[in-house]
Amino acid sequence: PRLAQAVNLSPDRFRHLFRASTGCTVSHYARSTAVWRALMLMASDRTITDASHAAGFHDVSHFYKAYADLFGTNLAEKRNIRKFRRVRCF
């Protein structure tokens with residue numbers, strides 16, 4: 001609702017326009033953005049726990065689940081490029 005209010009739209013209209021322009025829901029976009037933020041923090045030598053908390057995940061298991069949902073593989077297999085699927089919504 002706050003995003004919709006910021007652009008003077010009803011929540012339903014905002015969700016509709018957001019999905020039409022990005023191809024994904026607002027919550028999926030926010031979750032995938034948080035995963036990418038955590039990955040960037042991990043690339044700068046922060047631990048998985050620290051990075052996931054800084055990106056807004058309440059615990060590491062939620063980060064692992066979001067990562068698997070986004071990339072189609074678990075974090076332990078991130079080096080095996082054949083395991084990845086194309087990321088939706090971007």
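What percentage of the 90 residues of the protein count as buried? Keep that question in mind as you look through the views of this predicted model.

**View 1. The whole protein is built from helices, with zero strands.** Start with the overall layout: there are five helices, and from the N terminus on the elements run α-α-α-α-α. Here is the answer to the opening question: 27% of the 90 residues count as buried. The accessible surface comes to about 6,500 Å², and carbon and sulfur atoms make up 56% of that surface. Among contacts with a separation of 6 or more, 34% join residues 24 or more positions apart.

**View 2. The largest nonpolar core has 15 residues.** Look for Val35, Leu39, Phe57, Phe63 and Tyr67, the residues with the most contacts inside this core. Helix H3 (26-43) and helix H5 (60-71) each supply at least two core residues. The largest share, six residues, comes from H3. In soluble globular proteins, nonpolar side chains tend to be buried together.

**View 3. Leu39 meets partners from further along the chain.** Set aside the neighbours of Leu39 within four places in sequence, and you will find Leu39 in contact with Phe63, Tyr67, Phe71 and Leu75. Two of these names, Phe63 and Tyr67, also appeared in the previous view.

**View 4. Met42 sits in helix H3.** Is Met42 buried or exposed? Met42 counts as buried because its relative accessibility is 16%, and the cut-off for buried is under 20%. Now find Ser52, ten residues away from Met42 along the chain: the C-alpha atoms of Met42 and Ser52 are separated by 8.6 Å.

Terms used
Residues are numbered from 1 along each chain as its sequence is written. This is a predicted model: local features need pLDDT of at least 70, side-chain atom pairs count only at pLDDT 80 or more; totals for chains, interfaces and linings use all residues. Side-chain values use heavy atoms; hydrogens and water are left out. Helices (H or I, at least four residues) and strands (E, at least two) are DSSP runs, numbered from the N terminus. Buried means under 20% relative accessible area, exposed over 50%, partly exposed in between (1.4 Å probe, protein chains only). Contact means heavy atoms within 4.5 Å. Accessible areas come from the Shrake-Rupley method with a 1.4 Å probe; for residues, only the protein chains shown count as cover. A nonpolar core is a set of buried Ala, Val, Leu, Ile, Met, Phe, Trp, Tyr and Cys residues joined through side-chain atoms within 4.5 Å.
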